[in-house]
Amino acid sequence: MKDFGEPKIKVIAMPKDTNPAGNIFGGWLLSQIDLAGALAAREVAPERTVTISMKEVLFKQPVFIGDAVSFYAKIIAVGNTSITTDIKVMVER
């Protein structure tokens, strides 16, 4: 994670964000990923930006209540009308 620098967002997973199995909802993680990407994009485009697509999201293991979740984001490419970011999520139990 050294090439990503400091996390854009670091948050504790809370009970309100769980599904009936006690795992954190994937949708909650996706919204945090979206926010981390927006913060990275803001560094090169201080105007309003929107997310157009997420090409791939892999959920490798569950996130549980009380986990500290860090969202790292870096800019990969900047075009005339687009910004591509790479976002990594790390969990501390």
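**Exercise 1. Classify Lys74 by exposure, then state what its salt bridge with Asp3 connects.**

Step 1. In this predicted model, lysine 74 has a relative accessible area of 25%. Buried would require under 20% and exposed over 50%, so lysine 74 counts as partly exposed.

Step 2. The partner, aspartate 3, has a relative accessible area of 53%. This value is over 50%, so aspartate 3 is exposed.

Step 3. The closest N and O atoms of aspartate 3 and lysine 74 are 2.9 Å apart. A salt bridge needs a distance within 4 Å, and the pair forms one.

Step 4. Aspartate 3 belongs to the segment before strand 1 (9-12), whereas lysine 74 belongs to strand 2; the pair therefore ties together parts 71 residues apart in sequence.

**Exercise 2. Determine which parts of the chain are linked by the salt bridge between lysine 8 and glutamate 43.**

Step 1. The side chains of lysine 8 and glutamate 43 meet at 2.2 Å, N to O, in a salt bridge.

Step 2. Lysine 8 is in the segment before strand 1, and glutamate 43 is in the loop between helix 1 and strand 2. The two residues are 35 residues apart, and the pair links distant parts of the chain.

Step 3. Lysine 8 is partly exposed, at 26% relative accessibility. Glutamate 43 is exposed, at 54%.

**Exercise 3. Assign aspartate 67 and arginine 93 to an exposure class each, and locate the salt bridge they form.**

Step 1. Aspartate 67 has a relative accessible area of 4%, which is under 20%, so aspartate 67 is buried. Arginine 93 is exposed, with 58%.

Step 2. The closest N and O atoms of aspartate 67 and arginine 93 are 3.0 Å apart in their salt bridge.

Step 3. Aspartate 67 sits in the loop between helix 1 and strand 2, and arginine 93 in the segment after strand 3 (83-92), so the bridge ties together parts 26 residues apart in sequence.

Step 4. For the whole structure, the search finds six salt bridges.

**Exercise 4. Describe the largest nonpolar core and the elements that supply it.**

Step 1. Twelve residues make up this core, among them Ile9, Ala13, Ile24, Trp28, Val63 and Phe71.

Step 2. Helix 1 (26-42) and strand 2 (68-78) each supply at least two of the core residues. The largest share, five residues, comes from helix 1.

Step 3. Take isoleucine 24, one of the core residues. Beyond its neighbours within four places in sequence, isoleucine 24 is in contact with Ala13, Met14, Asp17, Thr18, Val63, Phe64 and Ile65.

Step 4. The general background is that nonpolar side chains tend to be buried together in soluble globular proteins.

**Exercise 5. Find the nonpolar surface patch formed by Met54, Val57 and Phe59, and give its accessible area.**

Step 1. Met54, Val57 and Phe59 together have about 260 Å² of accessible area.

Step 2. Phenylalanine 59 is found in the loop between helix 1 and strand 2.

Step 3. The accessible surface of the protein comes to about 6,500 Å², and 55% of this belongs to carbon and sulfur atoms.

**Exercise 6. Summarise the fold pattern and the range of its contacts.**

Step 1. The protein has one helix and three strands, which follow the pattern β-α-β-β along the sequence.

Step 2. The C-alpha trace spans about 45 × 25 × 20 Å along its principal axes.

Step 3. Of the 93 residues, 25% count as buried.

Step 4. Among contacts between residues at least 6 apart in sequence, 67% join residues at least 24 apart.

Terms used:
Residues are numbered from 1 along each chain as its sequence is written. This is a predicted model: local features need pLDDT of at least 70, side-chain atom pairs count only at pLDDT 80 or more; totals for chains, interfaces and linings use all residues. Side-chain values use heavy atoms; hydrogens and water are left out. A nonpolar core is a set of buried Ala, Val, Leu, Ile, Met, Phe, Trp, Tyr and Cys residues joined through side-chain atoms within 4.5 Å. Buried means under 20% relative accessible area, exposed over 50%, partly exposed in between (1.4 Å probe, protein chains only). Helices (H or I, at least four residues) and strands (E, at least two) are DSSP runs, numbered from the N terminus. Contact means heavy atoms within 4.5 Å. Patches are made of residues with over 30% relative accessible area and no salt bridge: like charges are joined within 9 Å, nonpolar side chains (Val, Leu, Ile, Met, Phe, Trp, Tyr) within 5 Å. Accessible areas come from the Shrake-Rupley method with a 1.4 Å probe; for residues, only the protein chains shown count as cover.
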